[in-house]
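Here are some short exercises to work through with the structure open beside you. Try each task before you read its solution.

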Amino acid sequence: MKLTKVLAAFLCLSIVFNMVVQPVQAVKAWEMDQSIVSLPLLTTSTHGWMDSLGVDRVQEVLPPKNPENVVYLTFDDGPDPTWTVQILDILERYQAGATFYVIGYNVVSHPEIVREIASREQTISVHGFNHLDLSSAGYTFFYNEIHDTETAIMDALQADQELIQQFGRCMRPPYGKKSQLLSANAAAMNYEISMWNIDTKDWSGLSPEEILVHFTSALEPQKVILMHDGGLDRTNTVKALELILHELLMQGYTVLPYCTHEGQAIKTSN
Ligand SMILES: [Zn+2]
């Protein structure tokens, strides 16, 4: 009889332990995971844990931002109705800024995406109207390529002064082909030239995980990052962007647009 009472008491204590103590331990284990600065390589989407936490909770468990750690994010070859909006969603989720160097003929086809970029407070600059190598183009040809793209952007923004503030007078040479002639032509139009110093190689067929490894090995403050939101299937870019922004968040980086209405943030020489 006495043994039965002891067993019953033990059973009750086990149930109480399972109900109360274990859930508390589970939360603590999770908190420890999220406070580790360098998380292991992610193989699945990261936004599950961010969505479930909410922004305030995420800020609580992140390392403090280091004001020195700034990088600039850029996207070429859009706007694209499939990829650009997915990228905008990810940027918003990570509170990251980017500049989109758009192709004029894509702007004419998808002005609503250009408006979306501006209304989501990202910035827009010029890549060229027809995505041609402009390094040996004479001034008239160069002028038409840049001016026609700028006009298409302005038409897309429909004279909305607030959206026009998201346009910056910078141009990214198609194929990265730069020359003294191109620099002179750009200067004559009061345009700055936006190069980059971390090519994520999202165009090369690398997997998202390989892009992350390559990116992380090149990461330093004040770098300009090149990615693409149009032209080809950008599934790997979208996945890699999430991995890259997660890594930057965990390392306390701030991610900003490279070119704004006030001009280019820093010079790039390559
Ligand atoms: Zn391009």
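## Exercise 1: the two sides of a helix

In this predicted model, the buried residues of α7 are Phe142, Glu145, Ile146, Thr149, Glu150, Ala152, Ile153, Ala156 and Leu157. Work out on which side of α7 they lie, and then look at the other side and the end of the helix.

Solution.
- Step 1: The buried residues cover an arc of only 155 degrees around the axis, which puts them on the same side of α7.
- Step 2: Turn to the other side of α7, where Tyr139 and Thr140 are exposed.
- Step 3: Check the length. Helix α7 runs over residues 139-157, 19 residues in all, and spans 26 Å from its first C-alpha to its last, close to the 27 Å expected at 1.5 Å a residue.
- Step 4: Move just past the end of α7, and you meet glutamine 158 with a positive phi of about 50 degrees.

## Exercise 2: what covers α10

Find the buried residues of helix α10 (residues 208-218) and say what covers them.

Solution.
- Step 1: Ile211, Leu212 and Phe215 are the buried residues here.
- Step 2: They cover an arc of only 100 degrees around the axis, so they are on the same side of α10.
- Step 3: Val213 and Ser217, on the other side of α10, are exposed.
- Step 4: The cover over the buried residues includes β6 (198-199) and α11 (235-250).

## Exercise 3: a loop residue and its distant partners

Locate glutamine 222, decide how exposed it is, and list its contacts beyond four places in sequence.

Solution.
- Step 1: Glutamine 222 sits in the loop between α10 and β7 (224-228).
- Step 2: Count the other C-beta atoms within 10 Å of glutamine 222: there are 13, so the residue is partly exposed.
- Step 3: Leaving aside neighbours within four places in sequence, glutamine 222 contacts Val70 and Ile266.
- Step 4: Compare positions along the chain. Asparagine 69 is 153 residues away from glutamine 222, yet their C-alpha atoms are separated by 7.1 Å.
- Step 5: Now take the whole protein: among contacts with a separation of 6 or more, 80% are between residues 24 or more positions apart.

## Exercise 4: a pair of helices

How are α4 and α6 oriented relative to each other, roughly parallel or roughly antiparallel?

Solution.
- Step 1: Helix α4 (residues 83-93) and helix α6 (residues 111-119) pack with their axes 10 Å apart, at an angle of about 10 degrees.
- Step 2: Angles under 35 degrees count as roughly parallel, and α4 and α6 are therefore roughly parallel to each other.
- Step 3: The contact is made by Thr84, Val85 and Leu88 of α4 together with Ile113, Glu116 and Ile117 of α6.
- Step 4: Sorted by type, the residues of this contact are four nonpolar, one polar and one charged.

## Exercise 5: backbone points to look at

Find the cis peptide bond at proline 79, and then examine phi at glutamate 121 and lysine 201.

Solution.
- Step 1: Recall the background: most residues other than glycine have a negative phi, and most peptide bonds are trans.
- Step 2: The bond from glycine 78 to proline 79 is cis, with omega near 0 degrees, and proline 79 lies in the loop between β1 (70-76) and α4.
- Step 3: Glutamate 121 is not a glycine but has a positive phi of about 65 degrees; its place is the loop between α6 and β3 (123-128).
- Step 4: Lysine 201, also not a glycine, has a positive phi of about 55 degrees, and lies in the loop between β6 and α10.
- Step 5: With 15 other C-beta atoms within 10 Å, lysine 201 is partly exposed.

Notes
Residues numbered from 1 in each chain as written. Predicted model: local features only at pLDDT ≥ 70, side-chain atom pairs only at ≥ 80, totals over all residues. Buried ≥ 20, exposed ≤ 12 C-beta atoms within 10 Å, placed from the backbone. Helix = DSSP H or I, 4+ residues; strand = E, 2+ residues; numbered from the N terminus. Arc of directions from axis to C-beta. Contact = placed C-beta atoms within 7 Å. Expected span 1.5 Å × (residues − 1). Axes fitted to C-alpha atoms, helices over the stretch in contact; angles between N-to-C directions. Parallel < 35°, antiparallel > 145°, perpendicular 65-115°, else oblique. Nonpolar A, V, L, I, M, F, W, Y, C, P; charged D, E, K, R; others polar.
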